[in-house]
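Here are a few exercises to work through with the model open in your viewer. Try each one yourself before you read the solution.

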Amino acid sequence: MLPCVAFVRFVTLGRGGQSNDLLRRAYREAGATESATFLATGNVVFETRSEPVAVAARARSLLRDWIGFDQPAHVRPLHALAAAVDRDPFQGAPSGPVQTRFVTFLPAPSPDLPALPASSPRGDLVVFAADGADVYSVTRLVGGREGSPNAFVERHVGPGLTSRNWNTVERLVATFT
């Protein structure tokens with residue numbers, strides 16, 4: 001069995017019936033043999049004998065039926081996340097003051113990304129690398145606010161993406177590998 005992580009978009013626990021218990025249940029009923037959640041931001045670690053993306057699609061359908069929650073999940077094998085953590089894609093990040101390191105998960109590699117590195121108009125975000133369907137960025141505080149990698153990348157490749165703080169990915173990998 002292949003351990004995977006589903007990064008579910010737009011999870012806000014407590015809103016509209018969303019809960020970690022419900023996420024775990026949806027993945028188990030969708031075909032996961034094991035499921036666990038990590039933190040409160042829609043990270044579901046699961047194992048399955050089925051195709052992981054199909055399990056995530058079935059879980060999405062169940063959540064839509066149960067509570068009207070209809071958001072995509074971007075699935076990554078746990079070993080691929082561990083390899084990315086080992087590679088440390090942020091070694092190539094722009095220098096200067098960094099507020100937060102982010103990875104944005106796309107459903108597939110996109111030819112619509114701008115030439116990298118690309119900065120937001122306010123200078124509060126720099127997208128500096130893409131590795132397949134994973135896009136890496138750093139934010140900076142400008143006027144007391146940091147940039148939004150999700151919004152910036154979605155303007156170029158379309159809606160339905162989700163981003164995570166790189167610290168979350170590092171902690172997830174340390175916990176589950």
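**Exercise 1.** Find the glycine that follows α1 and give the sign of its phi.

*Solution.* Glycine 31 comes after α1, and its phi is positive, near 125°. Helices here are DSSP runs of H or I with at least four residues, strands are runs of E with at least two, and both are numbered from the N terminus.

A quick note on the ground rules: this is a predicted model, so local features need pLDDT of at least 70 and side-chain atom pairs count only at pLDDT 80 or more, while totals for chains, interfaces and linings use all residues. Residues are numbered from 1 along each chain as its sequence is written, and side-chain values use heavy atoms, with hydrogens and water left out.

**Exercise 2.** Work out which residues of α1 are buried, and what covers them.

*Solution.* Start with the helix, residues 20-29: Asn20, Leu22, Leu23, Ala26 and Tyr27 are buried (under 20% relative accessible area with a 1.4 Å probe, protein chains only; exposed is over 50%, partly exposed in between). They sit on the same side of α1, because they cover an arc of only 165° around the axis, taken from the directions from the helix axis to the C-beta atoms. As a reminder, an α-helix has 3.6 residues a turn, so residues three or four places apart point the same way. Next, look at the cover: it includes β1 (2-8), β2 (32-38), β3 (43-48), α2 (52-67) and β4 (73-77).

**Exercise 3.** Locate glycine 42 and decide: buried or exposed?

*Solution.* Go to the loop between β2 and β3, where glycine 42 has its place. Its relative accessibility is 0%, so glycine 42 counts as buried. Now list its contacts (heavy atoms within 4.5 Å): setting aside neighbours within four places in sequence, glycine 42 touches Ala6, Phe7, Val8, Val11, Leu23 and Arg164. Leu23 is also one of the buried residues of α1.

**Exercise 4.** Which residues other than glycine, in the loops after β1 and β2, have a positive phi?

*Solution.* Take the loop between β1 and α1 and you'll find phenylalanine 10, with phi near 65°. Then move to the loop between β2 and β3 for leucine 39, whose phi is near 60°. Leucine 39 is partly exposed, at 34% relative accessible area.

**Exercise 5.** Describe the peptide bond between leucine 116 and proline 117.

*Solution.* Check omega: at about 5°, the bond is cis. Then place proline 117, which lies in the loop between β5 (100-105) and β6 (118-119).
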